[in-house]
Amino acid sequence: MGQCVTKCKNPTSSLGSKSGDKDGGSKSHKKSGCSAAGHKDEAGAPCGKPVADLSNGTKAPEVSAETPIISAVTGEPCREEHPDADGLSLKLIEELFSCYKDEREDAILEEGMERFCNDLCVDPAEFRVLVLAWKFQAATMCKFTRKEFVDGCKAIQADSLEGICSRFPCMLLEAQGEENFKDLYRFTFQFGLDADEGQRSLQRDIAIALWRLVFTQDMPSILEHWLDFLGENTPGIRGISRDTWNMFLNFTQAIGPDLSNYSEDEAWPSLFDTFVEWELERRKREEAGLPPPPPSVVAEYSQSNDGRQSQTWGGH
């Protein structure tokens, strides 16, 4: 989602960046805490990536095997470090945070997030980054505060890039649990809001991008038709409320692919009534070889000031 999803006009590019077309290593990071030392064969580089290629611009000097490894980036703890009871080094976590921290704010911001993702060998737009943000309980896209980063590393039991990389399989498996996924799903809505602007609903394009992302591991059969409905009927859909977002997960679990057990008498958001009507009409038209229903017959959906949904029928 090359721009940050919460603030950009192109939400399909990057979770960790507002400018995904930028080279994550275009600016070298000159902080001494990020210097990488290691063996000549670079076996300690995270995710199989050579230390010399880290996006912070540092190179691994040629040193003897007896030289102590002093970099948090290499993933190996200093010999003089005293880990806590969980076996983690708070100093290494703090050093790792400093490698990507903004110069003016005590947080990792857009540029630092790009370099962080690059050094983790992950695309900022992929599901693993969303899961990592969930585990870090990040409040805003493109940003990790010091507390979020430190507490997050403690939560996943990692104090290095290599350690974070090694936790991804476990985090992805954890996200598949029913209750965990529900928590991740609800987190994603809040994560997509622009806290600085006090947003209470997701912009349509951002919601579409986040729905595609959060269902990466288990995509409901109705999802593509739902997203087609939202995308093809742009004039009538202004935003997605928290209630609509949360209820869509229930919708995917309770309503069958043929939509035959859907009832307007139940407490579904009004947008769902419109979608089901549109989708059933689309299927009839598809069988008859006709194009989908035009946007003019889709209800206008908006969010009123008191948070309640409102619906007015459009048409020509």
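I will go through two features of this structure, a helix pair and a pocket, and I should say at the outset that the model is a predicted one.

Let me begin with the helix pair. Helix H1, which covers residues 90-100, and helix H4, which covers residues 146-156, have axes that come within 10 Å of each other and cross at roughly 135°. Because angles over 145 degrees would count as roughly antiparallel and those from 65 to 115 as roughly perpendicular, this crossing makes H1 oblique to H4. As for handedness, H1 passes H4 in a right-handed crossing.

If you look at the residues that meet there, H1 contributes Leu-90, Ile-93, Glu-94, Leu-96 and Phe-97, while on the H4 side they meet Arg-146, Phe-149, Val-150, Cys-153 and Lys-154. Sorted by class, this contact of H1 with H4 holds 7 nonpolar and 3 charged residues, with no polar ones.

Now to the second largest pocket, which encloses about 250 Å³ of space. Its lining is made by 16 residues, and those closest to the pocket centre are Phe-181, Phe-215, Asp-218, Leu-249 and Gln-253. Two elements give two or more residues to this lining, namely helix H6, at 178-192, and helix H9, at 242-254. Which helix gives the most to the lining of the second largest pocket? That is H9, with 3 residues.

In terms of class, the lining of this pocket is made up of 8 nonpolar, 6 polar and 2 charged residues; one of the residues closest to the centre, as I mentioned, is Asp-218.

Methods: Residues are numbered from 1 along each chain as its sequence is written. This is a predicted model: local features need pLDDT of at least 70, side-chain atom pairs count only at pLDDT 80 or more; totals for chains, interfaces and linings use all residues. Side-chain values use heavy atoms; hydrogens and water are left out. On a 1 Å grid over the protein atoms alone, a cavity is a set of points where a 1.4 Å probe fits but cannot get out, and a pocket is an open set with protein on both sides within 12 Å along at least five of seven lines; lining residues have an atom within 4 Å of a point. Grid points are joined across faces, edges and corners, and a volume is the space filled by probe spheres set on the points. Helices (H or I, at least four residues) and strands (E, at least two) are DSSP runs, numbered from the N terminus. Ala, Val, Leu, Ile, Met, Phe, Trp, Tyr, Cys and Pro count as nonpolar, Asp, Glu, Lys and Arg as charged, and the others, Gly among them, as polar. Axes are lines fitted to C-alpha atoms, for helices over the stretch in contact, and angles run from 0 to 180 degrees between N-to-C directions. Angles under 35 degrees count as roughly parallel, over 145 as roughly antiparallel, 65 to 115 as roughly perpendicular and the rest as oblique. A crossing is left-handed if the near helix is turned anticlockwise from the far one by less than a right angle, and right-handed if clockwise. Contact means heavy atoms within 4.5 Å.
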